[in-house]
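Please look through the structure below before reading my notes. They are short and go point by point.

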Amino acid sequence: MTVLGLAGSLRRASVNRGLLRAARGVAPAGMSIVDLDLRDLPLYNADDEPDPPAAARHLRDCVRAADAVLFATPEYNYSVSGVLKNAIDWGSQPRGANVWDNKPAAIVGAANSVVGTARAQLHLRQSLVALNMRVCNAELLIGRAPERFDADGDLTDPETRAALRDFLVGWMEGLRR
Ligand SMILES: Cc1cc2nc3c(=O)[nH]c(=O)nc-3n(C[C@H](O)[C@H](O)[C@H](O)COP(=O)(O)O)c2cc1C
């Protein structure tokens with residue numbers, strides 16, 4: 001199973017990009033996580049639809065080719081980052097060609113607050129449901145990120161790593177049922 005990993009942060013030492021790196025390391029046998037950097041994606045503009053920018057075409061191709069999508073979302077002002085929402089918007093258009101349609105999805109996220117992206121994840125889940133993604137019910141909320149990731153954004157906390165592994169195993173088992 002090929003899983004496309006999308007992190008909603010462009011920051012070099014992003015803990016959410018680090019979470020995706022860690023996910024690659026603990027993914028169960030049969031799950032391969034590939035990630036796509038969203039930094040080249042321009043802001044969505046419907047006027048560009050007749051000739052979409054290469055980065056938007058690439059995103060759409062990657063989503064179509066993946067069996068499932070893993071979103072690693074930061075929490076920006078109690079919601080999803082613009083980076084992630086912009087990618088979701090690009091994939092949802094043009095009307096009738098929503099690449100997210102019927103794709104399995106799971107959400108993880110790390111943030112500084114103790115609630116660990118709970119508010120962002122709820123907003124994200126709402127958008128994914130609107131796009132008819134099959135969103136995993138389980139949540140992985142990682143709070144107090146600076147205590148669990150190092151200065152490069154790499155996950156250092158063994159308990160969080162184990163929770164991430166269990167989350168991915170549970171997601172994959174659910175998809176196989
Ligand atoms: C614009 C902005 C808004 C933020 N808002 C929140 C917030 O609402 N809740 C929270 O827990 N952390 C918030 N933070 C702190 C982030 O959790 C922290 O910067 C985290 O490292 C972002 O994820 P990243 O490392 O993947 O970029 C905010 C950070 C920024 C830059």
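1. Arg60 sits in helix H2. Keep in mind that this is a predicted model. Is Arg60 buried or exposed? Arg60 is buried, because its relative accessible area is 6% and the cut-off for buried is under 20%.

2. Which residues touch Arg60, once its neighbours within four places in sequence are set aside? Glu49 and Pro52 are in contact with Arg60. So are Trp90, Gly91, Gln93, Pro94 and Val99.

3. Now take the helix as a whole. Helix H2 runs over residues 54-65, which makes 12 residues. At 1.5 Å a residue, H2 should span 16 Å. The C-alpha atoms at its ends are 16 Å apart, so the two values agree.

4. Arg60 has company in H2. The buried residues of this helix are Ala56, Leu59, Arg60, Cys62 and Val63. They cover an arc of only 160° around the axis, so they lie on the same side of H2.

5. What covers these buried residues of H2? The cover includes strand S1 (2-7), strand S3 (68-72) and helix H3 (82-92).

6. Turn to the ligand. It is surrounded by 14 residues. The closest are Ser9, Arg11, Ser14, Asn77 and Ser113.

7. Check the serines in the viewer. Ser9 has a polar side-chain atom 2.7 Å from an oxygen atom of the ligand. For Ser14, a polar side-chain atom is 2.6 Å from a ligand oxygen atom. For Ser113, the distance from a polar side-chain atom to an oxygen atom of the ligand is 2.7 Å. On its own, the ligand has 620 Å² of accessible area, and the protein covers 73% of that.

Key. Residues numbered from 1 in each chain as written. Predicted model: local features only at pLDDT ≥ 70, side-chain atom pairs only at ≥ 80, totals over all residues. Heavy atoms only, no water. Helix = DSSP H or I, 4+ residues; strand = E, 2+ residues; numbered from the N terminus. Expected span 1.5 Å × (residues − 1). Buried < 20%, exposed > 50% of the residue type's maximum accessible area, 1.4 Å probe, protein only. Arc of directions from axis to C-beta. Contact = heavy atoms within 4.5 Å. Near = heavy atom within 4 Å. Polar contact = N/O pair within 3.5 Å; in protein donor to acceptor, adjacent residues only side chain to side chain. Areas by Shrake-Rupley, 256 points an atom, 1.4 Å probe, with all protein chains shown as cover.
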